[in-house]
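Trainee: Please choose a single part of this model and take me through it closely, and then set it against the rest of the chain. I would like every term explained as it comes up.

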Amino acid sequence: LRNAFYKTQLILEQETRDTKEGTLDASVSGTTCTILVHYHKTDTVYLAHVGDSRCVVAIGGDDGGLKAVDLSIDHKPELPDEKKRIHANGGQVRKNPYDVPHRVYVKGERYPGLAMSRALGDLVGYLHAGISAEPTVTCRPVRRGKDNDVVTPGEPAGRDQFILVCSDGVWEFLSSQQAVDICSAFPREKSSEAVECLCKKAWDRWMQEELGRVVDDITALIIWF
């Protein structure tokens with residue numbers, strides 16, 4: 001998984017440099033990326049991500065009361081280790097008074113203004129402002145509610161019910177627990193309705209908080225075990 005991110009970033013660099021103008025330009029364009037692989041042979045979930053498209057598992061019993069546990073850490077510029085790397089590589093972390101998130105800029109400049117500290121593409125930030133394309137990679141056995149389940153310290157009791165993978169527009173004004181609560185109100189066979197409701201709630205919060213002036217990208221996936 002880690003090599004896949006490295007190779008993708010290299011391809012974006014090469015294509016931006018070598019292709020004709022207008023074909024592909026990742027200089028100030030990029031994306032977060034969250035990849036989830038369920039290896040059925042060992043019933044283990046492998047996760048690799050850059051950026052802040054968060055992955056959350058809902059844990060609990062069949063009687064409801066699900067608890068949200070984050071499987072990924074949002075790569076935000078204000079995190080101490082991220083900020084240290086950015087500043088050491090020509091970047092600067094600032095929060096404008098009119099803005100919601102902290103952003104990454106080339107030191108002394110007003111670009112690129114990324115609201116995450118890791119991404120694929122975004123070559124100006126990658127080459128001149130400390131943006132990283134290195135993913136955080138983790139693995140976790142799926143909990144089936146059996147006696148031999150491997151339980152990560154600090155996680156609640158119960159079994160894994162579903163996973164949410166959502167872009168940062170969902171998480172800007174909704175917590176992981178709020179998202180799980182919204183989706184858990186729907187049965188498995190109504191997964192489409194569940195994520196539609198979640199996206200609508202996220203949209204409504206953006207409208208409320210930003211007075212209709214801006215809405216970030218809102219995408220949500222739900223995967224049941």
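**A close look at helix α6**

Mentor: Among the contacts in the protein chain with a separation of 6 or more, 59% are made by residues 24 or more positions apart, a contact being heavy atoms within 4.5 Å. This is a predicted model, in which local features need pLDDT of at least 70 and side-chain atom pairs count only at pLDDT 80 or more, while totals for chains, interfaces and linings use all residues. Residues are numbered from 1 along each chain as its sequence is written, and side-chain values use heavy atoms, with hydrogens and water left out.

The protein chain has 6 helices and 12 strands, which are DSSP runs numbered from the N terminus (helices are H or I with at least four residues, strands are E with at least two). Its radius of gyration is 19 Å, close to the 17 Å that the globule rule gives for 225 residues, so the chain is as compact as a globular protein of that length; the radius is taken over C-alpha atoms, and the rule is 2.2 Å times the number of residues to the power 0.38. The C-alpha trace spans about 55 × 45 × 35 Å along its principal axes. Of the 225 residues, 43% count as buried, where buried means under 20% relative accessible area, exposed means over 50%, and partly exposed lies in between (1.4 Å probe, protein chains only).

The part I have chosen is helix α6, residues 191-210, whose 20 residues should span 28 Å at 1.5 Å a residue, and the end C-alpha atoms are indeed 28 Å apart, which agrees; the expected span is 1.5 Å times one less than the number of residues. Its buried residues are Ser 191, Ala 194, Val 195, Leu 198, Cys 199, Ala 202, Trp 206 and Glu 210. They cover an arc of only 130° around the axis, which puts them on the same side of α6, the arc being that of the directions from the helix axis to the C-beta atoms. The spacing follows a general rule: an α-helix has 3.6 residues a turn, so residues three or four places apart point the same way. On the other side of α6, Glu 196 and Gln 208 are exposed.

The buried residues of α6 pack against β11 (159-166), α4 (168-171), α5 (176-184) and β12 (220-224). One of these partners, α5, has buried residues of its own, namely Ser 176, Ala 179, Val 180, Ile 182 and Cys 183. They cover an arc of only 160° around the axis, which puts them on the same side of α5.

After α6 comes Leu 211, in the loop between α6 and β12, and this residue has a positive phi of about 55° although it is not a glycine. With a relative accessibility of 64%, Leu 211 counts as exposed. Asp 122 is another residue other than glycine with a positive phi, near 45°, and its place is the loop between β9 (120-121) and α3 (123-128). Asp 122, however, is buried, with a relative accessible area of 5%. As general background, most residues other than glycine have a negative phi, and most peptide bonds are trans. The peptide bond from Tyr 111 to Pro 112 is cis, with omega near 0°, and Pro 112 sits in strand β8 (residues 112-114).

To set the helix against other parts of the chain, consider the sheets. An open sheet of 3 strands runs in the order β2-β3-β10 with antiparallel pairing, two strands being paired if DSSP finds at least two bridges between them. Its edges are β2 (33-39) and β10 (136-141), each with a single partner strand, so one side of each is left without a neighbour in the sheet. Helix α1 (residues 2-18) lies across β2, β3 and β10 and runs at about 30° to β3; axes are lines fitted to C-alpha atoms, for helices over the stretch in contact, and angles run from 0 to 180 degrees between N-to-C directions. In β3, Ala 48 is the bridge partner of Ile 35.

Another open sheet of 3 strands has the order β6-β7-β8, also with antiparallel pairing, and its edge strands, β6 and β8, each pair on one side only. Helix α2 (residues 80-88) lies across β6 and β7, running at about 135° to β6. Strand β6 (residues 91-94) has a covered face, Gly 91 and Val 93, and an uncovered one, Gln 92 and Arg 94.
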